[in-house]
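Here is my note for your reading session. Please keep the sequence and the model open as you go through the points.

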Amino acid sequence: GHAQLVTLLLEHGAYPRAKNKAGDTPLALAQRCRRQAVLAAFEQFALRRHQGRHQREHSPALRSTDVL
């Protein structure tokens, strides 16, 4: 369905803040149309993205002795 397509597009680099000619983002349209599954897909994507950033920012620096 729509949620799976949204997930696929986001995972392959679609820009979630893109706007159509009326100035609406995909998230705004999903909210207006009450597409709960699509809204959940956006939320899951945002959570995964945040978790990835958090891990990169808080992981210890790799030292040359760690890989030898």
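The points below go from the whole chain to single residues.

1. **Confidence comes before anything else.** This is a predicted model. The protein chain averages a pLDDT of 86. A score of at least 70 is reached by 76% of the residues. Confidence varies by element: helix H1 has the highest mean pLDDT, 96, and helix H4 (residues 64-67) has the lowest, 52. Read helix H4 with that value in mind.

2. **The fold is helical.** The protein chain has 4 helices and 0 strands. Along the sequence the pattern reads α-α-α-α. Helix H1 covers residues 2-11. Helix H2 spans 26-32, and helix H3 spans 36-58.

3. **Burial and surface.** The protein chain has 68 residues, and 16% of them count as buried. About 5900 Å² is exposed. Carbon and sulfur atoms supply 55% of that area. Now look at contacts with a separation of 6 or more: residues 24 or more positions apart account for 48% of them.

4. **Leu-10, a buried residue of helix H1.** Leu-10 lies in helix H1. Its relative accessibility is 6%, so Leu-10 counts as buried; the cut-off for buried is under 20%. Which residues does Leu-10 touch, leaving aside its neighbours within four places in sequence? They are Pro-16, Phe-42 and Phe-45. Ala-46 is worth locating too. Leu-10 and Ala-46 are 36 residues apart along the chain, and their C-alpha atoms are separated by 9.8 Å.

5. **A nonpolar patch on the surface.** Leu-5, Leu-8 and Leu-9 make a nonpolar surface patch of about 270 Å². Leu-5 lies in helix H1. At 46% relative accessibility, Leu-5 is partly exposed. Set that beside Leu-10, which is buried at 6%. Both Leu-5 and Leu-10 lie in helix H1.

6. **The salt bridge between Arg-48 and Glu-11.** How many salt bridges does a search of the whole structure find? The search finds 2. One of them joins Arg-48 to Glu-11, with the closest N and O atoms 3.7 Å apart. This pair links distant parts of the chain: Arg-48 is in helix H3, Glu-11 is in helix H1, and they are 37 residues apart. Arg-48 is partly exposed, with a relative accessible area of 38%.

7. **The salt bridge between Asp-24 and Arg-32.** Here the closest N and O atoms are 2.9 Å apart. The two side chains also make a polar contact, at 2.9 Å. Asp-24 sits in the loop between H1 and H2. Is each partner buried or exposed? Asp-24 has 17% relative accessibility, so Asp-24 counts as buried. Arg-32 is exposed, at 53%. Leaving aside neighbours within four places in sequence, Asp-24 is in contact with Ala-18, Lys-19, Leu-29 and Arg-32.

8. **Check the backbone at Arg-34.** Most residues other than glycine have a negative phi. Arg-34 is not a glycine, yet its phi is positive, about 55°. Where is Arg-34 placed? Arg-34 is in the loop between helix H2 and helix H3. Its relative accessible area is 68%, so Arg-34 counts as exposed; the cut-off for exposed is over 50%.

Technical notes
Residues are numbered from 1 along each chain as its sequence is written. This is a predicted model: local features need pLDDT of at least 70, side-chain atom pairs count only at pLDDT 80 or more; totals for chains, interfaces and linings use all residues. Side-chain values use heavy atoms; hydrogens and water are left out. Helices (H or I, at least four residues) and strands (E, at least two) are DSSP runs, numbered from the N terminus. Buried means under 20% relative accessible area, exposed over 50%, partly exposed in between (1.4 Å probe, protein chains only). A salt bridge is a side-chain nitrogen of Lys or Arg within 4 Å of a carboxyl oxygen of Asp or Glu. pLDDT is the predictor's confidence in each residue, from 0 to 100. Contact means heavy atoms within 4.5 Å. Patches are made of residues with over 30% relative accessible area and no salt bridge: like charges are joined within 9 Å, nonpolar side chains (Val, Leu, Ile, Met, Phe, Trp, Tyr) within 5 Å. Accessible areas come from the Shrake-Rupley method with a 1.4 Å probe; for residues, only the protein chains shown count as cover. A polar contact is a pair of N or O atoms within 3.5 Å; within protein, one must be able to donate a hydrogen and the other to accept it, and residues adjacent in sequence count only if both atoms are side-chain atoms.
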